Amino acid sequence: MATEEIRVRGTVQGVGFRPTVYRLAKACNLHGDVCNDGQGILIRVSGSEEAITEFVARLQTECPPLARINQLTRIIYESEFNFDNFVILPSVSNVIKTEITSDAATCPQCQQEIFNPFRRYYRYPFTNCTHCGPRLSIIRAIPYDRCNTSMSAFAICSECAKEYHDVENRRFHAQPVACHACGPTAWLERADGKSVTASMFSMLDDVDAVCTLLQKGEIVAIKGLGGIHLACDATQETAVEKLRQRKRRYHKPFALMARDIEVIEQYCTVNAKEKELLTSSAAPIVLLQVKGREGDGKNLFTPNYCRDAINRVSTLHIASSVAPGQNTLGFMLPYTPLHHLILRRMNRPIILTSGNLADEPQCIDNDEAREKLGAIADYFLLHNREIINRVDDSVVRVVGDKVQTIRRARGYAPAAISLPPGFHNLPQILAMGSELKNAFCLLREGEAILSQHIGDLEKAAAFNAYQDTLNLYFNLFQHQPEVIAIDKHPEYLSSKLGKELADTNQIKIHQIQHHHAHIAACMTENGIPLDSPPVLGIALDGLGYGDDGTLWGGEFLLADYRKFQRLATFKPVAMIGGEQAIYQPWRNTYAQLIAAKLWDNCQQQYADLEIVKFLNKKPLKLLNQLMEKGINSPTASSVGRLFDAVAAAIGICLEECSYEGQAAIAMEAIIDVSSLNNYKETLIYPFNFIFSDSIYCIDPRPMWQALLDDIQQQIPQTVMAAKFHKGLANAIVEMVKRLCQENLINQVVLTGGVFQNCILLEQVTKGLQTLEIKVLTHSLVPANDGGLSLGQAVIAAAQLINCY
């Protein structure tokens with residue numbers, strides 16, 4: 001007889017791992033026990049060596065659907081334990097080293113039960129089992145036991161207890177298990193405070209009544225898994241416009257939810273990879289190509305943008321204001337029983353967008369929702385299970401055959417990301433993230449724990465939520481950072497808070513350059529070892545604080561985890577009015593024309609162009625003074641602002657944008673992708689390459705000259721947009737070719753929010769692969785600032801590695 005202790009680390013709590021251990025131990029005729037503790041799962045077994053070996057092998061191949069084994073270690077004991085059976089022991093609390101499971105979409109078995117009138121879970125909106133249901137959203141502490149979740153408020157009934165203790169049952173030790181008799185309840189109420197009576201709808205129940213309300217054009221606030229959403233019928237223009245005006249979200253696209261894949265396929269093309277994402281346990285929002293409108297080449301935009309711009313989906317009976325200026329729609333499938341029940345009778349999509357005013361955090365509390373959403377929603381569907389942690393919906397898309405994460409939240413966070421070889425013996429590190437699209441990162445023992453998407457910290461409510469979530473993670477993971485990593489920008493609230501925490505706790509602080517962090521994040525998720533040779537990192541975004549005190553945003557950096565050298569950049573151009581330039585693209589157009597020394601020529605040769613007439617109506621004398629004196633007009637090498645400038649010049653989002661990147665997204669959307677290969681070298685916009693002060697610079701001046709000529713010749717917008725994308729991609733590839741030859745590099749990282757542009761990403765990738773250069777891109781974490789904290793953390797770790 002042999003006796004072993006088996007330690008399993010990873011995502012192994014709250015996912016049915018102990019029942020699997022129990023079942024396999026019995027099948028292998030082993031005696032012993034299993035328990036949860038702060039480090040994961042601890043197993044002690046006694047039996048023949050062959051049986052234990054078989055048990056360990058089956059444990060890895062028959063892992064529960066939501067489980068992930070990161071590490072399995074075995075210790076052989078000299079003496080035998082006195083086991084006469086195999087049992088599951090109570091959880092043990094000690095030092096926290098295990099992972100917390102992400103919230104998971106309703107599994108097929110639970111879906112069947114809620115629609116089966118002969119099951120006791122029939123139409124129960126909180127049905128779950130060990131394969132699905134709430135996790136991060138309801139947890140207060142580790143280990144993941146009912147007493148440490150918001151389900152502690154609900155005493156389990158005898159029927160649920162029977163299933164909970166039945167090792168053969170799917171709900172064996174499922175902590176949120178509940179039913180009609182003992183669990184949370186949902187109810188419908190009116191926003192105006194008047195009572196809701198069953199006679200108003202004659203529906204099965206309050207949840208079913210929501211479907212009728214949506215069909216009637218009402219706006220309903222629905223409390224779901226990680227927050228409260230606002231919903232309306234996506235095919236009713238009046239309802240969608242009403243939601244936009246009340247929510248003050250005037251242009252940004254709305255997310256959609258549909259009952260099943262068949263409904264989605266009425267509106268969008270869905271390939272196998274996209275279908276896999278939609279139906280996965282993560283159930284993210286997936287950006288999908290609108291059906292029948294790929295590359296139609298039509299001029300869908302007016303100079304003032306978007307009110308009447310996108311009829312491409314209205315012909316398919318989706319309201320035109322669902323996603324103005326887009327050729328994609330963001331769809332998700334129901335991921336809780338509540339959503340499945342609401343959509344059972346709904347044969348068309350609904351909008352399901354975060355329950356908040358524009359730029360504020362999503363509401364999670366009933367009273368907060370009544371207060372903040374009372375002027376938006378007509379009705380509320382609420383429930384009495386507390387949401388402990390706000391968790392937004394994740395957003396992904398498929399580019400080529402690779403998944404690109406745009407927002408990492410529900411279904412993915414806080415799953416740990418394994419660090420590459422070389423990152424060992426590390427102190428605990430906290431990385432604070434960025435100002436926009438914030439997520440922070442905890443580094444410990446060879447893994448990075450990236451928080452769910454928190455959002456833009458400029459709003460007080462979002463910054464408060466950031467601090468609350470940070471404190472929660474400290475408690476959940478018993479994290480006591482010895483080092484804090486922050487962005488170098490002196491005005492980022494995340495950086496200021498990081499400095500305050502470091503001063504208060506007398507711990508080290510590392511200031512990390514923004515674009516270096518972007519590159520390191522991409523290197524990390526691609527498994528580049530610590531001591532690998534430098535890569536050429538191309539980081540294109542809106543802006544980041546540079547080492548020279550200026551704003552960067554179009555950078556070519558020779559970088560490893562510890563350091564970087566700036567080899568090339570885009571020509572710096574003034575951001576007139578500072579932040580105003582992000583939301584008024586015409587400011588960037590004027591600044592670019594001034595920087596290119598083309599404005600005087602515009603007055604003579606191009607005076608009849610709409611863009612020139614428009615700019616001449618602006619207070620140009622004042623704007624010139626601001627630039628000349630450097631008053632609130634910092635120069636930036638931002639490729640994001642270059643996109644804005646070009647979009648405005650050709651008549652897209654000329655006057656204003658309501659969210660960052662709107663102009664660039666709208667310009668990408670009009671391009672006929674199928675015709676891109678027809679744009680030969682002579683048909684794309686050229687860029688200059690300048691070498692000065694030991695650094696290359698990409699100068700867009702010739703691009704602007706060619707663009708102005710095309711505008712004058714009334715070349716279609718879609719053609720000009722395509723020529724810009726192709727020209728920019730070619731310029732990037734040509735710059736990489738030069739730098740790789742000079743620095744003997746054959747590995748390039750593409751990162752930053754601009755590389756969420758699929759056309760640019762694919763064109764640059766194709767060009768580099770033609771040169772036989774290896775290209776690394778993002779998948780696990782966003783290319784935008786949502787992945788920045790991972791890079792901050794690993795750079796700080798690399799700089800410390802020899803000290804520990």
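The following paragraphs describe two sheets in a predicted model and the helices that lie against them.

We begin with an open sheet of five strands, in which the pairing is mixed. Read across the sheet, the strands follow the order β4-β1-β3-β2-β5. Its edges are formed by β4 (68-77) and β5 (86-88), each of which pairs on one side only. From one strand to the next, the twist averages 15°.

Within this sheet, the pairing of β2 (residues 31-37) with β3 (residues 40-47) may be examined in detail. These two strands run antiparallel and are joined by seven bridges. One position to locate is C35, whose bridge partner in β3 is L42.

Two helices accompany the five strands. Helix α1 (residues 17-27) lies across β1 (2-11), β2, β3, β4 and β5, and runs at about 175° to β5. Helix α2 (residues 49-61) also packs on the sheet, where it touches β1, β3 and β4. The direction of α2 makes about 170° with that of β4.

We now turn to an open sheet of 10 strands, again with mixed pairing. Its order is β6-β13-β7-β8-β12-β9-β11-β10-β14-β15. Here the edge strands are β6 (186-190) and β15 (402-407), each pairing on one side only. Neighbouring strands of this sheet are turned against each other by 35° on average, if direction is ignored.

At one edge, β6 pairs with β13 (residues 379-383) in the antiparallel sense over five bridges, and R190 stands opposite Y379 in β13. Helix α10 (residues 366-373) packs on this sheet and touches β6, β7 (220-223), β8 (228-233) and β13. Its direction makes about 165° with that of β13.

Note on methods
Residues numbered from 1 in each chain as written. Predicted model: local features only at pLDDT ≥ 70, side-chain atom pairs only at ≥ 80, totals over all residues. Heavy atoms only, no water. Pairing = 2+ DSSP bridges. Helix = DSSP H or I, 4+ residues; strand = E, 2+ residues; numbered from the N terminus. Axes fitted to C-alpha atoms, helices over the stretch in contact; angles between N-to-C directions. Contact = heavy atoms within 4.5 Å.
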